[in-house]
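Subject: Structure handover

Hello,

Here is the structure we talked about. Please open it alongside this note, and then read on for what turned up in it.

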Amino acid sequence: MNEENNLENLPFTEYAAQVAKRGAEQYGKLGIPKLSFEELVASDLTFAQIEADYGEETAINVGIARDPDAPEWTEEDWARARPAIEVEPELVAWSLRRRGKQKAPTKELVSIRLDPDITAHFRAGGPGWQTRLNDTLRRAVFGP
């Protein structure tokens, strides 16, 4: 357990190399030469082949390391990193927008249990089914 905690604190490439080594010991087939993590990344082996010989976690880590769109960050990358709010404040503000409370609430939020065939009937009409259900109840209670 303690050894697992130490692994989690390693940089990705070192962590992945340790996992690959363990995977080779645990899952590897006898007589198959074991590759280092770097060799696995550079190899043409598929996910399934790596998984069979080194375990699923190693196969996933190799896939991560092979992804050109998600390279491991260096210390310089982390030093240059800035919070999104500093870089694109408008985008962050837009993504955090939520519909506020109604200024003059016209409807009351309630929870009600209905038969499945009733809800299926109204939902079949597409968007706006709750409004249609409300209108039907209004006519039933107050008349046309």
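**The nonpolar core**

The largest nonpolar core has eight residues: A16, A20, F37, L40, I50, Y54, A59 and V62. Four helices give two or more residues each to this core: α2 (12-27), α3 (37-42), α4 (47-54) and α5 (56-66). Please keep in mind that this is a predicted model. In soluble globular proteins, nonpolar side chains tend to be buried together.

Two members of the core are worth a look on screen.

Start with A20. This residue sits in helix α2. A20 has a relative accessible area of 1%, so it counts as buried. Setting aside neighbours within four places in sequence, A20 is in contact with F37, L40, Y54 and T58. A20 also pairs up with G55 in a distance check: the two are 35 residues apart in sequence, yet their C-alpha atoms are 7.9 Å apart in space.

Now A16. Again leaving out neighbours within four places, A16 is in contact with F37 and N61.

That leads to N61, which lies in helix α5. Is N61 buried or exposed? N61 is buried, because its relative accessibility is 5% and the cut-off for buried is under 20%. Beyond the residues up to four places away in sequence, N61 touches F12, Y15, A16, V19 and F37.

**The whole chain**

The chain has 10 helices and zero strands. Read from the N terminus, the order is α-α-α-α-α-α-α-α-α-α. The chain has 144 residues, and 16% of them count as buried. Take the contacts in the chain with a separation of 6 or more: 41% of them join residues 24 or more positions apart.

**Charges and rings**

How many salt bridges does a search of the whole structure find? The search finds one. The partners are the side chains of D77 and R80, at 2.8 Å from N to O. Side chains of opposite charge can pair when their charged atoms come close. D77 and R80 are about one helical turn apart, because they are three residues apart in helix α6 (residues 75-80). R80 is exposed, because its relative accessibility is 58% and the cut-off for exposed is over 50%.

The count of aromatic pairs also comes to one. The partners are W73 and W78, with ring centres 4.5 Å apart and planes at 55°, so the pair is tilted. A pair of aromatic rings is described by the distance of the centres and the angle of the planes. W73 is partly exposed, at 45% relative accessibility. W78 is exposed, with a relative accessible area of 57%.

**The largest pocket**

What is the volume of the largest pocket? The volume is about 700 Å³. The lining has 18 residues, and those closest to the centre of the pocket are E108, V110, I112, Q130 and N134. Two helices, α9 (116-123) and α10 (129-142), each supply at least two residues of the lining. Helix α10 gives the largest share of the lining, with seven residues. Rolling a probe the size of a water molecule over the atoms shows where empty space is left.

**Where to look**

If time is short, here is a viewing order.

- Core: begin at A20, buried in this predicted model at 1% relative accessible area.
- Charges: go to D77 and R80, the salt bridge at 2.8 Å.
- Rings: turn to W73 and W78, the tilted pair.
- Pocket: finish at the lining, with E108, V110, I112, Q130 and N134 closest to the centre.

Best wishes

Note on methods:
Residues numbered from 1 in each chain as written. Predicted model: local features only at pLDDT ≥ 70, side-chain atom pairs only at ≥ 80, totals over all residues. Heavy atoms only, no water. Core = buried A, V, L, I, M, F, W, Y, C linked by side-chain atoms within 4.5 Å. Buried < 20%, exposed > 50% of the residue type's maximum accessible area, 1.4 Å probe, protein only. Contact = heavy atoms within 4.5 Å. Salt bridge = Lys/Arg side-chain N within 4 Å of Asp/Glu carboxyl O. Phe/Tyr/Trp six-rings, centres within 6.5 Å; stacked < 30°, edge-to-face > 60°. 1 Å grid on protein atoms, 1.4 Å probe; cavity = no way out; pocket = protein on both sides within 12 Å on 5 of 7 lines; lining within 4 Å. Points joined across faces, edges and corners; volume = space filled by probe spheres on them.
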